[in-house]
Amino acid sequence: MRSIKTRLKAGLAGVAIFAAGVTAAQADTWKYAFEEAMTDVQGVYAQKFKEEIEANSDHEVQLFPFGTLGESADIMEQAQAGILQFVDQSPGFTGALIPEAQVFFVPYLLPAKSEELGDFFRNSKAINEMFPELYAQQGLELLTMFPEGEVVMNTKDPVEKPEDLNEVKFRVMTNPLLVESYKAFGATPTPLPWGEVYGGLQTNIIQGQENPLFWVESTKMYEVTGAITLTGHNNFTTAVMANKEFYDGLSDEEKKLVQDASSAAFEHILEYQKGLSEESLAKIKEAKPEMTISDLTEEQRAPFKEAAAQVEAKFIEMTGDSGKKILDQMKEDLKAATQ
């Protein structure tokens with residue numbers, strides 16, 4: 001009997017030590033996944049966040065760029081489950097969880113140029129007061145949102161008017177409003193995981209996709225397309241979140257550490273993006289001189305803007321009063337930031 005008790009005590013002690021080790025590991029090592037490469041915008045933000053955390057605490061931040069832990073849906077599930085402490089994901093994907101987040105895909109709502117958006121993201125009541133409550137309902141603490149650059153259409157053939165998108169299978173994220181946007185623009189929206197986009201363009205399963213210029217350049221999407229069109233219809237937005245249970249369990253000092261690191265990384269990434277689109281476009285032109293680059297005039301953009309009106313109406317239909325309140329607040333916030 002003594003032997004059994006001794007082994008039981010030893011076993012329980014071992015479990016306690018193991019549990020203590022796990023707790024310590026969770027406290028000291030924080031995992032952070034994002035949707036891009038280390039050298040892309042989300043990666044640069046993440047590295048600055050890591051630098052700030054590690055310089056001002058004993059914590060270590062492990063970074064997981066795109067593909068290392070799966071697709072976007074995978075890293076969101078891991079963040080909600082607490083396997084990851086932090087995740088950076090576009091509202092384009094989060095829109096499946098938080099319908100109101102699709103507001104960032106209402107065409108021509110956000111100014112296309114990032115430099116016009118700094119004050120908006122810093123001070124927006126919609127972003128800083130309304131969205132955190134919606135993210136919290138999904139087990140997420142919204143730390144910040146930031147712009148990543150003007151979204152361009154990247155297609156096989158040049159696009160100058162909505163009719164040019166007729167019968168074009170256009171890859172979109174699994175986002176209902178983005179699907180509606182490209183329907184309104186005249187294309188055939190085709191949801192597809194990012195890992196399949198290059199091959200889809202190469203084999204003509206799809207004939208177009210949208211993204212900021214730095215992403216078109218870094219992922220070499222220009223190799224399998226023939227045209228880039230600047231329609232001015234959006235600026236890509238992303239959101240940095242923490243697992244809420246993890247965040248709520250932090251001390252006040254650690255919460256301030258995280259918030260300060262997030263703020264420092266936000267200012268860093270806005271500065272980093274100055275001239276980034278122009279540099280990326282120059283690299284694309286150098287790599288593929290025959291690429292057709294079309295920066296549409298206001299007159300050419302008019303029919304796209306006209307089509308966008310029905311997308312805004314669709315957003316309100318999808319999200320009801322909650323979505324309309326956020327949309328109205330964002331319009332007020334944008335007016336204040338860009339006057």
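**Overall build and the surroundings of helix 7**

The protein chain exposes an accessible surface of about 15500 Å², and carbon and sulfur atoms account for 51% of that area. The model is a predicted one. On the charge side, there are 30 positive and 54 negative charges, and their mean positions sit 6 Å apart.

As for the fold, the chain is built from 13 helices and ten strands. Its radius of gyration is 22 Å, close to the 20 Å that the globule rule gives for 339 residues, so the chain is as compact as a globular protein of that length. Along the principal axes, the C-alpha trace runs to about 85 × 45 × 35 Å. Half of the chain is tucked away, with buried residues making up 50% of the 339. Contacts also reach well along the sequence: of those between residues at least 6 apart, 77% link residues at least 24 apart.

Helix 7 gives a local view of this packing. The helix covers residues 176–184, and its buried residues are L177, L178, V179, S181, Y182 and A184. What do these buried residues of helix 7 pack against? Their partners are strand 4 (140–155), strand 5 (169–172), strand 6 (188–191) and strand 7 (208–212), along with helix 13 (298–338).

Both ends of helix 7 have something to show. At the N-terminal end, N175 acts as the cap, placing a side-chain oxygen 2.9 Å from the backbone nitrogen of L177. That same L177 is among the buried residues of the helix. Just past the other end comes G186, which takes a positive phi of about 105°.

Notes. Residues numbered from 1 in each chain as written. Predicted model: local features only at pLDDT ≥ 70, side-chain atom pairs only at ≥ 80, totals over all residues. Heavy atoms only, no water. Helix = DSSP H or I, 4+ residues; strand = E, 2+ residues; numbered from the N terminus. Rg over C-alpha atoms; globule rule 2.2 N^0.38 Å. Buried < 20%, exposed > 50% of the residue type's maximum accessible area, 1.4 Å probe, protein only. Contact = heavy atoms within 4.5 Å. Areas by Shrake-Rupley, 256 points an atom, 1.4 Å probe, with all protein chains shown as cover. Lys, Arg positive; Asp, Glu negative; His and termini not counted. Charge placed at Lys NZ, Arg CZ, Asp CG, Glu CD. Polar contact = N/O pair within 3.5 Å; in protein donor to acceptor, adjacent residues only side chain to side chain.
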